Amino acid sequence: MSTVLITGGSGFLGRRLAVALRGRHRVVLAARNHKLNHAAEHFTGCPVIPMDVAHIEAVRDVFGEIRPEIVVHAAATKFVDLAERQPLECIDVNVVGSENVARVAIEKGVAAVVGISTDKAAPPVRNTYGLTKALMERMFCALDGKTATRFACVRYGNVAWSTGSVLPIWKRMHESTGVIGTTGPDMTRFFFTVDSAVALVLTALDHMEDVRGRVLGREMKSARIRDILDLWIKTRGGRWEPIAGRPGERTDEYLLGDAELPFTVERRFDGIRHFVISFNQRAAEPVAAGLSSATAVRLSEAEILDIIGSPPVEELK
Ligand SMILES: NC(=O)c1ccc[n+]([C@@H]2O[C@H](COP(=O)([O-])OP(=O)(O)OC[C@H]3O[C@@H](n4cnc5c(N)ncnc54)[C@H](OP(=O)(O)O)[C@@H]3O)[C@@H](O)[C@H]2O)c1
């Protein structure tokens, strides 16, 4: 049974990835906050080790102790507006932290590393958070093939109900005042479930030879913020209102930017349309069109209701 280390393992995604992987691997989680680590250990049944990815000696110690064959690198600072105000922390965690994980993975002979990225890393990049994740993607993809360690990334849209995302924030606002404030009623966003987010990592691991040195994305549906809010209010009462925008926001997101088209091929994995993005290798048969949340297939009313009606159990509160 091989050992999987999940950095950021106490987070929304990390905990669920641990549960999905623990049957077929020995899974160890790593993150900083002891209280969250303890709760994650309780939730997953997997050991959690304190580790700050921004501190290379800590990464070296943990990799030396755990000896992972596979690393899923989910640790990140992910709040767009916070990263605009405090870019150094975001760069320390997302860029230096990713660099540390990559260096030590190579040093310790880890077989495979998968980094979790975001649609905010796709061109045209609009904010510091997106830039840091774009750097992680480039770094990991460029390192693949240099040593025995294989690297790949997966690129996500918004994972519904994840820590600090719009759905839990709206729920809190609605419960306390009956009014939901939104910074962008006309913005569009890709949404997918945490199960699909976990599945994308599993697909990358299962098809590592096809996706190594590349970023794996998948077809995803989008929604206009106003349409989600209208349904929320229609089914639960109250009202929504526009509030001031936050730094770094963009109106629409891109899972696949136009500049990436010549370097991207389409692949079907498990019956789902995926995109395999290479940065420097032109594709013989590139995909024809980018994937923007403005033009993607929209979530139906039933799908939106399903997403907003299924908050995960708040097991870490
Ligand atoms: N959720 C989404 O919608 C979404 C969309 C696209 C991409 N992603 C990416 O998916 C990954 C997981 O996101 P999530 O929603 O699970 O976020 P989350 O719930 O905020 O979890 C982040 C995890 O990273 C850990 N972490 C942060 N800084 C760290 C550091 N310096 N060293 C070690 N661990 C650190 C956190 O724990 P401590 O703070 O205690 O260390 C936590 O375990 C991130 O890389 C994120 O950028 C998420």
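Colleague: Why does F192 count as buried?
Modeller: In this predicted model, F192 has a relative accessibility of 4%, and since buried means under 20%, F192 counts as buried. Y156 also stands at 4% relative accessibility, so that Y156 counts as buried by the 20% limit.

Colleague: What makes the pair of Y156 and F192 edge-to-face?
Modeller: By the ring rule the count comes to four aromatic pairs. For Y156 and F192 the ring centres are 5.1 Å apart, which is within the 6.5 Å cut-off, and the planes stand at 65°, which is over 60, so the pair is edge-to-face. The pair links distant parts of the chain, with Y156 in strand 6 and F192 in strand 9, 36 residues apart.

Colleague: Why, then, is the pair of W161 and W232 called tilted?
Modeller: Their planes are at 35°, which is neither under 30 degrees nor over 60, and their centres lie 6.5 Å apart, so the pair is tilted. W161 lies in the loop between strand 7 and helix 7, whereas W232 lies in helix 10, so the pair ties together parts that are 71 residues apart in sequence. W161, at 6% relative accessibility, counts as buried, and W232 is buried with a relative accessible area of 1%. Together with W170, these two residues form one aromatic cluster.

Colleague: How do you know that helix 1 is largely enclosed by the rest of the structure?
Modeller: Eight of the ten residues of helix 1 are buried, so the helix is largely enclosed; F12, L13, R15 and R16 are among them.

Colleague: What makes strand 7 and strand 11 edge strands?
Modeller: Three strands form an open sheet in the order 7-9-11, with mixed pairing. Strand 7 and strand 11 each have a single partner strand, so one side of each is left without a neighbour in the sheet. Strand 7 pairs with strand 9 in the parallel sense over two bridges, and N158 stands opposite F191 in strand 9.

Colleague: What makes the approach of T163 to the ligand a polar contact?
Modeller: A polar side-chain atom of T163 lies 2.4 Å from an oxygen atom of the ligand, and because the cut-off is 3.5 Å, this pair falls within it. For K78 the corresponding distance from a side-chain N or O atom to a ligand oxygen is 2.7 Å, and for K133 it is 2.8 Å. The protein covers 92% of the 880 Å² of accessible area that the ligand has on its own.

Conventions:
Residues numbered from 1 in each chain as written. Predicted model: local features only at pLDDT ≥ 70, side-chain atom pairs only at ≥ 80, totals over all residues. Heavy atoms only, no water. Polar contact = N/O pair within 3.5 Å; in protein donor to acceptor, adjacent residues only side chain to side chain. Areas by Shrake-Rupley, 256 points an atom, 1.4 Å probe, with all protein chains shown as cover. Pairing = 2+ DSSP bridges. Helix = DSSP H or I, 4+ residues; strand = E, 2+ residues; numbered from the N terminus. Buried < 20%, exposed > 50% of the residue type's maximum accessible area, 1.4 Å probe, protein only. Phe/Tyr/Trp six-rings, centres within 6.5 Å; stacked < 30°, edge-to-face > 60°.
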